[in-house]
Structures are given as C-alpha cells and as structure tokens.
Amino acid sequence: MNAARRWASQLEAWALPEDLLASAEEDPYSWPVELWERRRELAEREPPPPTFEVIRRYLPGRVLDVGAGTGRSCLVFAREGNRVVAVEKNPQMAQALARAADGLDVEVVVGSWPDVADRVGEVDVAASSHVVYDVRDLAPFLAAMHRKAQRAVVLELTERHPWSDLAPYYMALHGLERPDGPDVDDLVAVVRENLGVDPEVRRWTRPSVMWYRDWDELLAYMGRRLVLPRRRWDELRRLLAEEVIEEDGRLRTRKPEQAMATVWWETDG
Ligand SMILES: C[S@@+](CC[C@H](N)C(=O)[O-])C[C@H]1O[C@@H](n2cnc3c(N)ncnc32)[C@H](O)[C@@H]1O
C-alpha cells in the first residue's frame with residue numbers, strides 16, 4: 001500500500017461506529033470556538049513553539065495559514081508586519097479569527113483547502129498547524145500548499161493522532177477499541193512519496209496548559225468528544241476525577257508533556 005493510501009486508511013479506522021454517532025447529542029468532531037480562543041490567548045503567554053522560528057527563516061513576506069482556526073499561529077506573523085492569508089473551513093472559527101485580526105494585514109478565506117486554493121495567490125511560506133490529522137486526502141492538500149509556497153512549507157502536528165489520548169475513555173465508556181496511527185513518520189512518507197522531497201523533522205514537547213472554567217465546561221468538552229449523553233456525565237466525572245486538579249479556581253487535567261513535531265521543506269518556487 002502506498003503512503004497516501006496508508007494515511008487515509010489509518011484515519012478511516014478512527015471513524016466512529018454508526019450506532020454510536022447516531023446517539024450523539026452534539027457533533028463529536030466539532031471545535032468549540034471559545035476553547036480555541038482560550039488556547040490562542042494561552043499561546044500568547046507561552047514560549048513560542050519551534051515552528052515559529054522555522055517559519056521566520058522564510059520571512060518577511062507573505063504567509064498562508066491553512067486551517068488557521070482562531071489565529072493562534074498566523075496572528076503572530078501578521079503582528080510582525082507580514083501579509084497573511086488565513087484559510088479556515090469552519091465559519092465560526094473564521095469569524096473569531098477575523099475579529100481578532102482587526103487592523104492587521106490578514107485576509108480570511110472561508111472554505112476547505114485545497115478546494116479554495118484558486119482564491120489564494122503565491123506566498124513565501126505555506127504553513128498549517130494541527131490540521132493534517134483532519135485530512136484524509138493528504139497528498140492533494142500538501143501538493144496545493146507546495147505549489148503556492150515560493151520558499152517553504154511548514155507543518156506542526158502532534159506526534160500521534162490527537163485523539164489517541166481519548167482511547168482509554170472510549171474503552172471504559174463504550175467498550176470501543178481505538179487505533180493509534182497515523183503519526184509523524186506516516187506524514188513524512190506521504191511528503192516523500194508525493195512531492196519528491198525529504199522534509200526536515202524537529203521533535204519537541206509542550207506542557208498542557210489548557211484550563212476549564214468548571215466541571216460543566218470540562219464535561220461538555222470531553223462528553224462531546226466521547227459521544228457521551230449528558231445523563232452519563234457523572235460516570236465521566238468519576239473516571240476523570242483522578243486526573244483533574246483545581247488551581248486558582250480553575251480546572252486542568254494532569255496531562256504529561258505532549259509530544260509534538262515540526263516538519264518542513266523548502267520549495268524551489
Ligand atoms: C485543531 S484546529 C488548529 C487551529 C490552528 N491552526 C492552531 O494551530 O491553533 C484545526 C482547524 O483546521 C480547520 N480545518 C480542518 N481541515 C481543514 C481544511 N481542509 N481546510 C480548511 N480548514 C480546515 C478546522 O476547522 C479547525 O479550525
């Protein structure tokens with residue numbers, strides 16, 4: 001099986017069973033905008049990820065951010081005087097990003113990459129953070145970024161599929177086994193196979209800094225991801241009790257450092 005096919009089939013294995021999905025009170029795959037805005041605000045106070053240093057090597061200039069979310073990554077470069085094009089398929093995320101980008105040189109394109117690629121001009125760097133595990137057809141997604149980038153493509157991702165941490169809860173709550181691929185090495189194989197380049201990979205870790213206002217917010221987030229009806233949230237609370245700590249009136253999970261990677265290559269655009 002080729003690398004792109006292997007990537008797709010590993011992602012397909014994550015699909016939730018039909019009967020479980022049918023019971024979902026909310027879309028388990030959707031992103032709560034408020035938590036992503038919080039994530040962006042937290043990121044502004046953390047040491048910058050190594051990915052930013054890699055992106056800056058190819059600036060000043062124009063940056064494309066694919067799957068920009070609420071702008072955690074691209075707003076940093078816009079504030080430094082670069083021109084940013086942010087592509088985001090979720091209209092609520094895009095709206096929150098446009099609000100945060102007010103007064104900066106940021107063009108927000110609402111739509112799915114690579115479908116909207118013809119609405120985007122050439123850039124110096126094409127970047128995408130924490131998106132590739134959402135992308136089944138990875139080869140055309142990466143190839144379209146490669147074509148737009150005059151200097152480099154830069155990706156940031158967790159070393160393993162971001163839902164891997166949920167596996168024990170799926171087992172405890174639904175008796176459902178979860179896969180554990182794909183991972184960074186699978187991504188690198190897709191790049192090599194389809195673009196004919198050998199990307200650089202830098203592995204690093206980041207502490208988990210996310211916090212929740214109260215148990216209701218935490219259970220709403222985890223309950224949605226775990227397709228758990230509200231009537232079973234007490235069960236989830238008992239399962240999480242050991243892992244959740246209270247600090248300064250806020251809750252956070254005792255998650256160990258998260259393994260991350262930055263993957264990049266130069267283009268000859
Ligand atoms: C986990 S968030 C990451 C947001 C931001 N890049 C960051 O690192 O903070 C993933 C975002 O990518 C968006 N997304 C996923 N696939 C996409 C695609 N093919 N085209 C555009 N946006 C996409 C989702 O809507 C979501 O807002």
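Two residues are in contact if their C-beta atoms, placed from the backbone, lie within 7 Å, and that is the sense in which "touches" is used on this tour of a predicted model.

**First stop: Met-260.** Select Met-260, which you will find in strand β9, the stretch covering residues 258-266. Leaving aside residues up to four places away in sequence, Met-260 touches Glu-156, Thr-158 and Glu-159, and also Trp-204, Thr-205 and Arg-206. Is Met-260 buried or exposed? A residue is buried if 20 or more other C-beta atoms lie within 10 Å of its own, and because Met-260 has 20 C-beta neighbours inside 10 Å, it counts as buried. If you add Ala-15 to the selection, you will have two residues that are 245 residues apart in sequence and, from C-alpha to C-alpha, 23 Å apart in space.

**Second stop: helix α1.** Now select residues 3-12, which form helix α1, and pick out its buried residues, Ala-3, Trp-7 and Leu-11. These buried residues cover an arc of only 75° around the axis, and therefore they sit on the same side of α1. An α-helix has 3.6 residues a turn, so residues three or four places apart point the same way. Turn the view to the other side of α1, where Arg-5 and Glu-12 are exposed. To see what covers the buried residues of α1, show helices α7 (138-148) and α9 (184-195), which are among the elements that do so.

**Third stop: helices α10 and α11.** Select helix α10, residues 215-225, together with helix α11, residues 233-240. Two packed helices are described by the angle between their axes and the distance between the axes. Here the angle is about 100° and the axes are 10 Å apart, and α10 and α11 are therefore roughly perpendicular to each other. Where they meet, α10 contributes Trp-215, Leu-219, Met-222 and Gly-223, while α11 contributes Trp-233, Leu-236, Arg-237 and Leu-240. The residues of this contact divide into six nonpolar, one polar and one charged.

Staying with α10, highlight Leu-218, Leu-219, Met-222 and Gly-223, which are buried. They cover an arc of only 120° around the axis, which puts them on the same side of α10. What covers them includes α11, and also strands β7 (244-247) and β8 (250-253). Following α10 you come to Val-227, whose phi is positive, near 50°.

**Last stop: the ligand.** Finally, select the ligand and the 19 residues that surround it, of which the closest are Gly-67, Gly-69, Arg-72, Asn-90 and Ser-129. Colour this shell by class, and eight nonpolar, seven polar and four charged residues should appear.

How values were computed. Residues are numbered from 1 along each chain as its sequence is written. This is a predicted model: local features need pLDDT of at least 70, side-chain atom pairs count only at pLDDT 80 or more; totals for chains, interfaces and linings use all residues. A residue is near a molecule or strand if its C-beta atom, placed from the backbone, lies within 6 Å of it. Ala, Val, Leu, Ile, Met, Phe, Trp, Tyr, Cys and Pro count as nonpolar, Asp, Glu, Lys and Arg as charged, and the others, Gly among them, as polar. Axes are lines fitted to C-alpha atoms, for helices over the stretch in contact, and angles run from 0 to 180 degrees between N-to-C directions. Helices (H or I, at least four residues) and strands (E, at least two) are DSSP runs, numbered from the N terminus. Angles under 35 degrees count as roughly parallel, over 145 as roughly antiparallel, 65 to 115 as roughly perpendicular and the rest as oblique. A residue is buried if 20 or more other C-beta atoms lie within 10 Å of its own, exposed if 12 or fewer, and partly exposed in between; C-beta atoms are placed from the backbone. The arc is that of the directions from the helix axis to the C-beta atoms.
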